[in-house]
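Welcome, and please get your viewer ready for a short walk. We will go from one selection to the next, with a note on what to look for at each stop.

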Amino acid sequence: MPDTDHQRHFASALIVDDHPLFCDALAMTLKTVAGIEEIETASLLEDALDALSEGAEPDVIVLDLNLPDVNGLDGLIRLKTAAGAIPVVVVSSMADNRMVTSVMRAGAKGFVPKHSQRGVFRQAFDALARDEVFVPEGFVDVGDAGQPADSGDDAVSRLSTLTNQQARILQLICEGKLNKQIAYDLSIAETTVKAHVTAIMRKLGVQSRTQAVLIAGEASFSNLLPRQPDTP
């Protein structure tokens, strides 16, 4: 018999989708194929972000890319930033190779076409339980196939590797601030800022702050940032 002692078990899930009937059907599917009993839903990305900020800790998040308050990869990046180590599975009707490639490069743990049969969802959650990623059958990574990914999608993929602190520092760089000003704004040492800037440029694959700003511009970076609390 296979050893399941080290497999991950999912007891709770957050479904982020604005179609009530699909949410109901997906909830039933998750209960059947993965034994998930505790399921919360959110029809807006902002509702999901609020739930996470208020302490919700689902074992897995299932996300539709098209929501009333966000569209495409922007929502995935913001949710990934807020969710931390919680795996995010994208369930979407936009299941072409380019989109799946972009979603996986942006950090999703799996992609399931929205109208897949229940068996496909079972395969996906079996893979997640083994800490593996899941992509649909027949998927071809467009990079591996020699088809260049959209520059904006590539920028999003690279930006998704930044930590929250690095993302904040890059935002301040985009605003034209120097290391000393960034250190003051974030109440950290200037040497710490320099170390973060070096890490940012390494992750983005650039050699200068100007190139980093250009990468951020390609991805509309300010729209991907987690919301900051208002300050008086």
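How many aromatic pairs does a search of the whole structure find? The search of this predicted model finds 1 aromatic pair.

**Stop 1: the ring pair.** Select Phe-10 and Phe-125, which make up that pair in an edge-to-face arrangement. Their centres are 5.7 Å apart, and the angle between the planes is 90 degrees. Now colour the segment before strand S1 (12–16), where Phe-10 lies, and helix H5 (residues 118–129), which holds Phe-125; the pair therefore ties together parts that are 115 residues apart in sequence. Are these two rings buried or exposed? Phe-10 is buried at a relative accessible area of 7%, and Phe-125 is buried as well, at 5%.

**Stop 2: a charge over a ring.** Show Phe-22 and Lys-114 next. Lys-114 lies over the face of Phe-22, 4.7 Å from the ring centre.

**Stop 3: three paired strands.** Select S1, strand S3 (60–63) and strand S6 (88–92). S1 pairs with S3 in the parallel sense over 4 bridges, and Leu-14 stands opposite Ile-61 there. S3 also pairs with S6, again in the parallel sense, over 3 bridges; look for Leu-63 and its bridge partner Val-90 in S6. Then turn S3 around: Val-60 and Val-62 are buried on one side, Ile-61 and Leu-63 on the other, so both faces are covered.

**Stop 4: the largest core.** Which residues have the most contacts inside the largest nonpolar core? They are Ile-61, Leu-76, Leu-79 and Val-103, in a core of 28 residues. Besides the three strands you have just seen, helix H2 (45–53), helix H3 (73–83) and helix H4 (97–105) each supply at least two residues of this core. H3 gives the largest share, 5 residues. Centre on Leu-79 and show its surroundings: leaving out residues up to four places away in sequence, Leu-79 touches Leu-45, Ala-48, Leu-49, Leu-52, Ile-61, Leu-63 and Val-88.

**Stop 5: a second core.** Apart from the largest core lies another, of 23 residues. Phe-10 from the first stop is among its members, as are Ala-27, Ala-129 and Phe-134.

**Last stop: the whole chain.** Zoom out to see 11 helices and 7 strands. Buried residues make up 42% of the 232 residues. The chain exposes about 12200 Å², with carbon and sulfur atoms supplying 50% of that area.

Key. Residues are numbered from 1 along each chain as its sequence is written. This is a predicted model: local features need pLDDT of at least 70, side-chain atom pairs count only at pLDDT 80 or more; totals for chains, interfaces and linings use all residues. Side-chain values use heavy atoms; hydrogens and water are left out. Rings of Phe, Tyr and Trp (its six-membered ring) pair if their centres lie within 6.5 Å; planes under 30 degrees apart count as stacked, over 60 as edge-to-face and the rest as tilted. Buried means under 20% relative accessible area, exposed over 50%, partly exposed in between (1.4 Å probe, protein chains only). A charge sits over a ring if NZ of Lys or CZ of Arg is within 6 Å of the ring centre and within 35 degrees of the ring normal. A nonpolar core is a set of buried Ala, Val, Leu, Ile, Met, Phe, Trp, Tyr and Cys residues joined through side-chain atoms within 4.5 Å. Contact means heavy atoms within 4.5 Å. Accessible areas come from the Shrake-Rupley method with a 1.4 Å probe; for residues, only the protein chains shown count as cover. Two strands pair if DSSP finds at least two bridges between them.
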